[in-house]
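Here's my note on the model you asked about. Have a look at the structure first, then read the points in order.

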Amino acid sequence: MTAVHVPGAPVIDGGVLVSSSPATGAEAGRFPVASPTDVTAAVERARAAGQWWAALGFDGRRERLLRWRALLAQRIEELADLVHREGGKPIGDAVVEVVTAVEHVDWAARNARRVLGPRRVRSRLILAEFSGHLEYQPYGVVGVIGPWNYPVFTPIGSTAYALAAGNAVVFKPSEYTPAVGQWLVDTFTEVVPEQPVLTAVHGLGDVGAALCRSGVGKLAFTGSTATARKVMAACAETLTPVLVEAGGKDAMIVDSDADLDAAAEACVWGALTNAGQTCIGIERVYAVEPVFDAFVEKVVARAGRLTVGPDGEDIGPITMPAQVDVIRRHIDDALARGGRAVLGGTDAVQAPYVRPTVLVDVPEDSAAVREETFGPTLTINRVRDADEAVARANALPYGLGGSVFGRRRAVAIARRLRSGMASVNSTLTFAGMSTLPFGGVGDSGFGRIHGEDGLREFGRAKAITRRRARSLLPSMTFERTPADVARLVKVVKMMYGRG
């Protein structure tokens with residue numbers, strides 16, 4: 001194959017991965033496809049580099065990561081333009097993505113020592129003669145398989161934290177956005193030229209599978225739930241631990257005392273930014289009866305003003321060409337089953353673009369409600385009250401994020417959502433807060449990136465005890481006497497024997 005037949009679809013041409021724009025078909029870059037042997041060799045090189053990187057200590061790594069952060073900040077426009085050219089994302093959205101990623105690099109670099117460094121842990125009565133110590137040691141090499149929808153923000157959420165924890169990283173970017181992934185690797189190499197601490201391997205799914213089986217210490221994956229199961233199966237062959245951020249079908253609940261203008265504005269952003277290609281995007285809304293009609297009207301008015309196109313518009317193309325068929329199927333199914341399109345509809349699908357589509361009265365067992373759409377579509381359904389809204393929101397196996405708009409009960413409702421994250425009176429904001437963990441439950445995966453929990457994901461907890469005095473209550477020794485045992489029983493009954 002010597003040419004790109006479908007704009008945006010990855011092509012293998014003579015052992016080279018060719019990337020192109022989904023909007024124009026213009027070539028974005030060419031990258032050699034890694035064989036299984038290449039992947040194994042990259043991991044082995046990273047293993048040696050990781051020893052050097054770990055030996056730099058927290059301060060040495062912090063200094064280098066902050067230099068990378070500064071370089072990313074200085075080249076925001078360059079990277080955003082590449083994201084736009086390769087994936088079709090509007091420049092404004094790309095800038096926001098890069099800015100958020102810069103914040104995460106900064107936080108991980110500055111907080112790794114505090115979170116992961118050696119510290120004293122209090123001992124307890126039975127082993128009072130020992131001191132306890134805890135530290136987090138790096139895995140050595142972490143494999144990262146990144147997505148195409150947020151090709152900067154999402155992989156950096158694993159990569160920067162893994163690097164801060166002392167690991168080397170072998171990164172397999174999505175085959176739809178390899179140029180962005182290589183750009184990240186190349187800029188890191190500019191500030192850390194000594195060793196291949198961060199490297200990339202390119203190709204299709206078989207390259208990701210090879211990375212799973214390559215002997216990495218841990219693998220972090222972001223992608224669909226179906227692919228996550230394949231990744232876990234491959235990693236299970238060698239008991240390689242995995243961190244999985246999979247699909248989502250996030251819901252937004254609008255309570256009776258919500259600020260409807262603010263709710264509509266946030267809903268349109270949460271549902272339609274990046275053409276709806278957001279794992280934590282709002283795909284379902286449950287609005288209580290008293291505010292349903294007014295809320296729908298406000299959403300339609302705002303969404304209807306958005307522009308669609310290749311340059312300067314609010315909504316760009318669908319990055320993965322095959323996803324257009326999924327979006328069309330969901331819209332058609334919703335309408336065939338009695339739903340109504342109050343904005344857009346079947347005619348909104350004009351590949352590679354999909355105009356904003358808002359569907360109401362869509363049955364809960366339809367594809368548009370139950371399956372991840374990953375497009376600029378939204379279902380809004382009427383519910384009696386917040387209790388029904390929570391029940392419907394929690395009915396799916398997904399559990400990534402969510403949103404609640406209201407005043408008196410909003411936080412309590414958010415706590416009841418079966419999700420790893422929730423925003424109150426906003427949408428998606430938890431993703432940008434570097435101090436909070438990011439991840440889901442159920443079919444949305446497990447493990448966390450970002451925040452303190454994110455740092456701990458990339459270090460093995462190492463517990464150490466150290467004797468500091470002779471034992472007053474000797475128990476863990478064959479030298480103990482019957483009197484020692486009797487004294488031990490007496491002390492335990494005195495300390496713990498009362499309720």
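What follows is a set of numbered points on a sheet, the cysteines, an annotated span and some salt bridges.

1. Before anything else: this is a predicted model, where local features need pLDDT of at least 70, side-chain atom pairs count only at pLDDT 80 or more, and totals for chains, interfaces and linings use all residues. Residues are numbered from 1 along each chain as its sequence is written, and side-chain values use heavy atoms, with hydrogens and water left out.

2. Start with an open sheet of three strands, ordered 1-2-3 and paired antiparallel. Strands (E, at least two residues) and helices (H or I, at least four) are DSSP runs numbered from the N terminus, and two strands count as paired if DSSP finds at least two bridges between them. Strand 1 (11-13) and strand 3 (27-32) sit at the edges with a single partner strand each, so one side of each has no neighbour in the sheet. On average, neighbouring strands here are turned by 30° against each other, direction ignored. As background, strands of a sheet pair through backbone hydrogen bonds.

3. Now the first pairing. Strand 1 and strand 2 (residues 16-20) run antiparallel and are joined by three bridges. Valine 11 has valine 18 of strand 2 as its bridge partner. The two strands make a hairpin with two residues between them, and glycine 14 in that turn has a positive phi of about 60°.

4. On the other side of the pairing, strand 2 and strand 3 share five bridges, again in the antiparallel sense. Serine 20 is opposite glutamate 27 of strand 3. This hairpin has six residues between its strands, and glycine 25 in the turn shows a positive phi of about 80°.

5. How covered is strand 2? Mostly: four of its five residues are buried, where buried means under 20% relative accessible area, exposed over 50%, and partly exposed in between (1.4 Å probe, protein chains only).

6. On to the cysteines. How many disulfides does a search of the whole structure find? Zero, taking a disulfide as a pair of cysteine sulfur atoms within 2.5 Å. For cysteine 212, the nearest cysteine sulfur belongs to cysteine 235 and is 3.9 Å away. Cysteine 212 is buried, at 1% relative accessibility. Cysteine 267 is in no disulfide either, the nearest cysteine sulfur being that of cysteine 279, 17 Å away. Cysteine 267 is buried too, with a relative accessible area of 0%.

7. A word on the record. An unreviewed UniProt entry annotates residues 20-463 as "domain: Aldehyde dehydrogenase"; UniProt positions are given in the numbering used here, feature names are shortened, and annotations may be inferred rather than shown by experiment. In the model, that span is 43% helix and 19% strand, and its end C-alpha atoms lie 49 Å apart.

8. There are 35 salt bridges in the structure, each a side-chain nitrogen of Lys or Arg within 4 Å of a carboxyl oxygen of Asp or Glu. One of them joins aspartate 106 to arginine 69, with the closest N and O atoms 2.7 Å apart. Aspartate 106 is in helix 4 (residues 91-116) and arginine 69 in helix 2 (residues 57-74), so far as placement goes 37 residues apart. Aspartate 106 is buried at 17% relative accessible area, whereas arginine 69 is partly exposed at 22%.9. Another salt bridge links glutamate 452 and arginine 114, where the closest N and O atoms are 2.7 Å apart. Glutamate 452 belongs to helix 16 (residues 451-456) and arginine 114 to helix 4, so this pair ties together parts that are 338 residues apart in sequence. Glutamate 452 is partly exposed at 27% relative accessibility, and arginine 114 is partly exposed at 48%.

10. One more pair to look at: aspartate 261 and lysine 298 meet through their side chains in a salt bridge (2.9 Å, N to O). Aspartate 261 is in helix 9 (residues 260-272) and lysine 298 in helix 10 (residues 292-303), 37 residues apart. Aspartate 261 is partly exposed at 37% relative accessibility, and lysine 298 is partly exposed with a relative accessible area of 26%. Finally, Glu63, Arg64, Arg67 and Glu194 are joined into one network by salt bridges that share partners.

Note on methods
Axes fitted to C-alpha atoms, helices over the stretch in contact; angles between N-to-C directions.
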